[in-house]
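Q: Hi! I'm new to reading protein models and would love some help looking closely at one part of this one.

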Amino acid sequence: MALITYLTTVKFGFGEIAGIGADLTAIGVTRPLIIADKGIVAAGIVGTVQKQAAALASAPVFEDTPTNPTEEAVLAALALYRQHGCDGLVAIGGGSPIDLAKGVALLATHDGALESYAAILGGIPRITASVAPVIAIPTTSGTGSEVGRAALITLTDGRKLGFISPHLIPRLAICDPELTLGLPAWLTAATGMDAVTHCIETYLSPRENPPAEAIALDGLKRAVAHIERAVKDGSDREARKEMMMAALQGGMTFQKGLGAVHALSHPLGGLKEVSLHHGTLNAVLLPAILRFNAPDAQAKYAEIRRTLGLAPDTDLAIWLAELTGRLGMPQSLSAMGVPRSVIPAIAEAAVKDHSSATNPRAATAADYAAMLEASFG
Ligand SMILES: [Zn+2]
């Protein structure tokens, strides 16, 4: 049986941000809380968005979103939301502010501890339609969180858990590539590789959903064709637009479920001793996971090669490592500063991660440990 769901509303194009005043009115939000991070504020993007509508010009701004969103930050933003009597959220940034806004939108309307809504702890049916409305404005091209049903949040005890519900999908995503023109090269590469990973992992997921697979392949083709251009010249408007579309497409296929790359990058992203960028982690992990999955994914690997115009004997793992090398990205977990001592705990956490179930080849803790070992280079 196939379950195919498309619910998202997206405004896409240069200059789309100008209509946000009318968008807020249409959704019924009069007192929004803006969620961003210090980098987005410093880049002037929050100010640009605030200029578009009176309700935003006077809105409170929560700018303390950590690189990997935490329960503490959700609670701090929630206090600001309540203090100002807010009735909705505008999330501006990469995946972190958007995921944080989803956490606030959830707790603003649902009682109890955040943990009780985690997917892995049976929280999915506890999340109802009363979630506060969120408008997501991505400023990177990668996360897909603007159209995704999940928020990844690290709890106070260090577990990085997924909160998943169709009710967490932002009411509206405004994808305006203009906002990504100033994104630094390394972040363009890292977030772009996150989009590439979403397209590959959702395509490989065994869940039946042909429309999503077609979207994933198209997103992958777009990303691969434009990521080097966007990294080399951030002002390349066509490359920026295509990367934003690829990221959106990666997000539209999340309903198929991700795989072993994300099962590993989620707990790695929750490490307290070292702060690791999600997209960079995925880029480093991808080759080892592609090798592990190969026995159970031959037909789909052949389709990926055809879609990308690669020779039929291309080793996808090597090809991807060469791509990230040209993008100037780190080539191993050691180069990212990850200590080898984390391998057993991360391997155990990966088996329990919600993304593990849709990997094309079943992976045990020992398999995950071996994939990690291979990724240390
Ligand atoms: Zn991701």
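About how much accessible surface does the protein chain have, and what percentage of it belongs to carbon and sulfur atoms? After that, please zoom in on strand 4 and show me how it fits in.

A: Sure! One thing to keep in mind from the start: this is a predicted model. As for the surface, the protein chain has about 14200 Å² that is accessible, and carbon and sulfur atoms account for 57% of that.

Let's get the overall picture before zooming in. The C-alpha atoms fit in a box of roughly 55 × 45 × 45 Å along the principal axes. The radius of gyration is 19 Å, which agrees with the value near 21 Å that a compact globule of 377 residues would have. Buried residues make up 59% of the chain. Now take the contacts between residues at least 6 apart in sequence: 79% of them join residues at least 24 apart.

In total, the chain has 15 helices and 8 strands, but they aren't spread evenly. An unreviewed UniProt entry annotates residues 9-177 as "domain: Alcohol dehydrogenase iron-type/glycerol dehydrogenase GldA". That stretch is 29% helix and 20% strand, and its end C-alpha atoms sit 17 Å apart. For residues 188-375, UniProt lists "domain: Fe-containing alcohol dehydrogenase-like C-terminal", also from an unreviewed entry. Over residues 188-375 you get 66% helix and 0% strand, with the end C-alpha atoms 22 Å apart.

Now for strand 4, which covers residues 88-93. It belongs to an open sheet of 6 strands in the order 1-8-5-4-2-3, with parallel pairing. The edges of the sheet are strand 1 (10-12) and strand 3 (61-62), and each of those pairs on one side only. In general, strands of a sheet pair through backbone hydrogen bonds, and they can do this in a parallel or antiparallel way.

Read the order again and you'll find strand 4 sitting between strands 5 and 2. With strand 5 (residues 134-138), strand 4 runs parallel and shares 5 bridges. Look for Ile92 there, standing opposite Ile137 in strand 5. On the other flank, strand 2 pairs with strand 4 over 4 bridges, again in the parallel sense. A handy landmark on that side is Pro32, which stands opposite Gly88 in strand 4.

What about the side chains, or rather the directions the residues face? Gly88, Val90 and Ile92 point one way, while Leu89, Ala91 and Gly93 point the other. Whichever way they point, all of them are buried, so 6 of the 6 residues of strand 4 are under 20% relative accessible area.

Strand 4 also has a helix lying over it. Helix 1 (residues 20-27) crosses strand 4 as well as strand 1, strand 2 (32-35), strand 5 and strand 8 (172-175). Against strand 5, helix 1 runs at about 155 degrees.

So here's strand 4 in a nutshell: it is bridged to strand 5, paired with strand 2, and mostly covered.

Methods:
Residues are numbered from 1 along each chain as its sequence is written. This is a predicted model: local features need pLDDT of at least 70, side-chain atom pairs count only at pLDDT 80 or more; totals for chains, interfaces and linings use all residues. Side-chain values use heavy atoms; hydrogens and water are left out. Two strands pair if DSSP finds at least two bridges between them. Helices (H or I, at least four residues) and strands (E, at least two) are DSSP runs, numbered from the N terminus. Contact means heavy atoms within 4.5 Å. Axes are lines fitted to C-alpha atoms, for helices over the stretch in contact, and angles run from 0 to 180 degrees between N-to-C directions. The radius of gyration is taken over C-alpha atoms; the globule rule is 2.2 Å times the number of residues to the power 0.38. Buried means under 20% relative accessible area, exposed over 50%, partly exposed in between (1.4 Å probe, protein chains only). Accessible areas come from the Shrake-Rupley method with a 1.4 Å probe; for residues, only the protein chains shown count as cover. UniProt positions are given in the numbering used here, feature names are shortened, and annotations may be inferred rather than shown by experiment.
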